[in-house]
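This briefing is addressed to a reader who is meeting the structure for the first time. Please keep the sequence and the model at hand while reading.

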Amino acid sequence: MELYEELKERGLIAQVTDEEIIKDLINNGKATFYIGFDPTADSLHVGHFMTLVLMKRLQLAGNKPIALIGGGTGMVGDPSGRTDMRQMLTIEDINHNCACFKKQMERFIDFSDGKALMVNNADWLLGLNYVELLRDVGAHFSVNRMLTAECYKSRMERGLSFLEFNYMIMQSYDFYKLFQLYGCNLQFGGDDQWSNMLAGTELIRRKLGKNASALTINLLLNSEGKKMGKTQSGAVWLDPNKTSPFDFYQYWRNIDDADVIKCLKMLTFVPLEEIKKMENWVGAELNEAKRVLAFELTKMVHGEDEAHKVEEVAKSLFNKGDAANMPSVQLSDEDFVEGFIDILTLLVKTGLVTSKSEARRAVEQGGIMIESDKVTDIKKLISKEEVKNTFVLKKGKKNFIKVTL
């Protein structure tokens with residue numbers, strides 16, 4: 001099976017401009033492709049992970065990746081998938097975040113000997129003359145057409161700033177510059193970027209009279225249609241200082257049964273033949289598939305030694321309930337009302353569940369324990385004195401967290 005066909009089989013490809021052209025580029029190692037990363041934080045997260053894996057797949061097949069860091073676009077902020085305007089970052093924050101991204105990307109992409117490039121769009125965007133840009137680029141964009149783009153339509157009711165309205169033009173200009181400077185003939189991105197990517201191919205056609213291609217990949221959604229990589233405490237980060245290797249491993253170890261096969265296909269390099277054998281697994285076999293998923297992803301992000309280490313810790317917790325290396329949560333005085341915190345609030349606070357309704361179900365189904373005592377009362381209160389002594393809160397057989405004050 002050739003690479004393009006494998007990407008389709010793994011459920012990665014969403015939309016393409018011209019399938020035959022893109023298939024030829026990818027399968028024959030002729031693609032010089034880019035994916036953009038806006039430095040909105042000091043770490044990449046699970047939402048970026050799939051694109052990094054995709055870049056690695058294509059590079060291994062002889063294609064050349066360009067990782068575009070959005071030092072320029074990061075000053076504007078992408079409105080795609082947003083209901084409100086992103087927080088504006090300082091130049092110092094953006095530069096710091098760019099440096100953090102580069103370090104993390106080097107775990108996935110081989111940048112040696114010109115095999116891949118990392119460039120920053122601040123190099124060309126920040127020096128642009130506004131009037132020249134309006135005349136040179138703005139004339140090729142129809143406002144009526146831009147407003148039909150999904151990334152703008154979803155924001156119109158809440159208010160779309162003129163700052164954000166320019167994002168499509170800036171992203172299109174990126175593709176135009178990369179095409180000129182590096183022969184970049186293909187852009188990848190999440191499926192929510194389709195309008196911006198089409199605008200880039202159109203700008204290249206209008207300005208240079210040449211064709212470029214675009215391919216979007218399916219967003220990583222769970223069985224309920226929600227983006228994966230989010231927990232009660234926030235995003236699942238690739239930086240071990242923001243999300244520990246253990247917590248990263250446990251996130252994948254405990255995903256819903258319905259999402260296991262999809263994640264194995266989209267995120268790992270486990271051969272499709274092996275994954276297909278797992279499709280009908282249930283019970284203990286499906287539990288093994290989750291272990292494979294968690295181990296493979298932790299190995300890619302944190303290294304094989306760390307993956308083995310956290311797997312052993314997880315086994316120890318499962319078998320013994322040993323809290324030595326267990327993740328923990330620290331409560332503050334504000335979490336208590338008149339010296340008590342109720343069990344449902346505590347479960348949400350620790351991140352063992354995502355909502356009080358889920359917490360209530362877990363208690364009613366007998367899945368919650370404080371140390372070795374099962375919690376059966378959804379109104380149970382835990383006093384501050386109990387927390388001062390530290391205890392282990394358990395959900396099911398695999399989820400443990402140490403609670404301290």
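The points below cover salt bridges, a sheet, a helix pair and a covered helix.

The structure is a predicted model. A search of the whole of it finds 19 salt bridges. Its elements include an open sheet of five strands with mixed pairing, and helices α13 and α15, whose axes come within 10 Å.

**Salt bridges**

- K102 and E106 meet through their side chains in a salt bridge, with 2.7 Å from N to O. K102 is partly exposed, at a relative accessible area of 39%. E106 is likewise partly exposed, at 40%.
- K265 forms a salt bridge with E279, and the closest N and O atoms are 3.1 Å apart. This pair links distant parts of the chain, 14 residues apart: K265 belongs to helix α13 (residues 260–267), while E279 sits in the loop between α14 (272–278) and α15 (283–302).
- K265 has a relative accessible area of 16% and is therefore buried, because buried means under 20%. E279, by contrast, is partly exposed, with a relative accessible area of 39%.
- R291 forms a salt bridge with E311, in which the closest N and O atoms are 2.7 Å apart. Here too the pair links distant parts of the chain, with R291 in helix α15 and E311 in helix α16 (residues 304–320), 20 residues apart.
- The relative accessibility of R291 is 23%, so R291 counts as partly exposed. E311 counts as buried, at 6% relative accessibility.
- E5, E20 and K23 are joined into one network by salt bridges that share partners.

**The five-stranded sheet**

- The open sheet has the strand order β9-β15-β14-β11-β12, and its pairing is mixed. At the edges are β9 (328–330) and β12 (373–374), each of which pairs on one side only.
- Strand β11 (residues 368–370) pairs with β12 in the antiparallel sense, over two bridges. I370 stands opposite D373, a residue of β12.
- Helix α17 (residues 343–350) lies across β9, β11, β14 (391–395) and β15 (399–404). Relative to β14, α17 runs at about 85°.

**The helix pair α13 and α15**

- Two packed helices are described by the angle between their axes and the distance between the axes.
- For α13 and α15, the axes come within 10 Å and cross at roughly 30°. The two helices are therefore roughly parallel to each other, because angles under 35 degrees count as roughly parallel.
- The crossing in which α13 passes α15 is left-handed. On the α13 side, the contact is made by V260, C263, L264 and L267. On the α15 side, the contact residues are L286, A289, K290, V292, L293, L297 and M300.
- An α-helix has 3.6 residues a turn, so residues three or four places apart point the same way.

**A mostly covered helix**

- Which residues of α12 are buried? They are P245, F246, F248, Y249, Q250, Y251, W252 and R253.
- Helix α12 (residues 245–253) is thus mostly covered, as eight of its nine residues are buried.

Definitions and conventions. Residues numbered from 1 in each chain as written. Predicted model: local features only at pLDDT ≥ 70, side-chain atom pairs only at ≥ 80, totals over all residues. Heavy atoms only, no water. Salt bridge = Lys/Arg side-chain N within 4 Å of Asp/Glu carboxyl O. Buried < 20%, exposed > 50% of the residue type's maximum accessible area, 1.4 Å probe, protein only. Helix = DSSP H or I, 4+ residues; strand = E, 2+ residues; numbered from the N terminus. Pairing = 2+ DSSP bridges. Contact = heavy atoms within 4.5 Å. Axes fitted to C-alpha atoms, helices over the stretch in contact; angles between N-to-C directions. Parallel < 35°, antiparallel > 145°, perpendicular 65-115°, else oblique. Left-handed = near helix turned anticlockwise from the far one by under 90°.
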